[in-house]
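Dear colleague,

I am passing on the structure we spoke about, and I would be grateful if you could look through it alongside the notes that follow.

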Amino acid sequence: MPIENLLGAPHRSLMDTNAYATVLVAPFEQWQINALGKPYQKELAKKWRQIHKKGTVTFTCCDDSASIGEAMDVMRKFRGPRFRARGDGDLLQRPEYFEFYSSVALRGMGSFTRLYAMKMDGNVIATALGLVHRGSLLVVMTAFDIERYKSQSIGALTFERVAKDCIE
């Protein structure tokens with residue numbers, strides 16, 4: 001029986017997304033050269049300069065229940081309009097799914113999950129939730145403040161910082 005029948009959820013549909021694997025090598029700067037190439041590296045550096053002009057940017061792995069709760073709340077907030085605009089809704093808008101992923105993030109803290117938060121002047125502007133297994137990190141859910149930071153390629157900047165954290 002399909003899981004959506006058990007949960008009373010809408011039937012699954014294919015999403016127009018892709019998954020990419022990358023081998024992370026130390027030091028981070030070497031990984032950037034190998035994985036991103038000079039032109040894209042230069043573009044991301046430009047985006048970092050732009051975003052730093054807007055305020056104080058921090059990027060951390062959430063390490064307590066308060067920071068996890070804040071990041072998950074913001075993740076739900078940012079994902080709602082994005083998926084509503086696509087017409088397929090977002091599971092995090094449903095309380096049971098939000099509680100499940102929040103519980104996974106909290107219970108796995110420091111072991112099998114990582115929840116990252118990028119902040120601008122203390123406010124979360126991007127998040128990434130990943131599962132850790134056998135030395136790999138699988139990012140399963142992200143959210144970004146596209147409305148205010150789209151021109152800074154906030155998603156790409158977030159993934160670059162996730163890679164840096166995994167390498168270092």
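Thr 158 has its place in helix α6, which covers residues 154–167, and in this predicted model Thr 158 counts as buried, since its relative accessibility is 1% and the cut-off for a buried residue is under 20%. What is Thr 158 in contact with, once its neighbours within four places in sequence are left aside? The residues in question are Phe 59, Met 118, Ala 126, Ala 128 and Phe 144.

Helix α6 also takes part in a salt bridge, in which the side chain of Asp 165 meets that of Arg 114, with an N to O distance of 3.7 Å. Because Arg 114 belongs to strand β2 (residues 113–120) and Asp 165 to helix α6, this pair ties together parts that are 51 residues apart in sequence. Both partners are partly exposed, Arg 114 having a relative accessibility of 24% and Asp 165 a relative accessible area of 34%.

A search of the whole structure finds seven salt bridges, and the one just described is among them. As general background, side chains of opposite charge can pair when their charged atoms come close. Another of these salt bridges joins Arg 76 to Asp 73, where the closest N and O atoms are 3.5 Å apart; these two residues are three residues apart in helix α3 (residues 65–86), so that about one helical turn separates them. Arg 76 counts as partly exposed at 28% relative accessibility, and Asp 73 is likewise partly exposed, with a relative accessible area of 41%.

A further salt bridge is formed by the side chains of Glu 96 and Arg 94, for which the N to O distance is 2.5 Å. Here too the partners are partly exposed, with Glu 96 at 37% relative accessibility and Arg 94 at a relative accessible area of 23%.

Turning from charged to nonpolar side chains, which residues form a nonpolar patch on the surface? The patch consists of Phe 112, Leu 131, Leu 138 and Val 140, which together have about 330 Å² of accessible area. One of its members, Leu 131, is found in strand β3 (residues 123–133), and Leu 131 is partly exposed, with a relative accessible area of 33%. That value allows Leu 131 to be counted in the patch because patches are made of residues with over 30% relative accessible area.

With kind regards

Conventions: Residues numbered from 1 in each chain as written. Predicted model: local features only at pLDDT ≥ 70, side-chain atom pairs only at ≥ 80, totals over all residues. Heavy atoms only, no water. Patch = residues over 30% accessible without salt bridge, like charges linked within 9 Å, V, L, I, M, F, W, Y side chains within 5 Å. Areas by Shrake-Rupley, 256 points an atom, 1.4 Å probe, with all protein chains shown as cover. Salt bridge = Lys/Arg side-chain N within 4 Å of Asp/Glu carboxyl O. Helix = DSSP H or I, 4+ residues; strand = E, 2+ residues; numbered from the N terminus. Buried < 20%, exposed > 50% of the residue type's maximum accessible area, 1.4 Å probe, protein only. Contact = heavy atoms within 4.5 Å.
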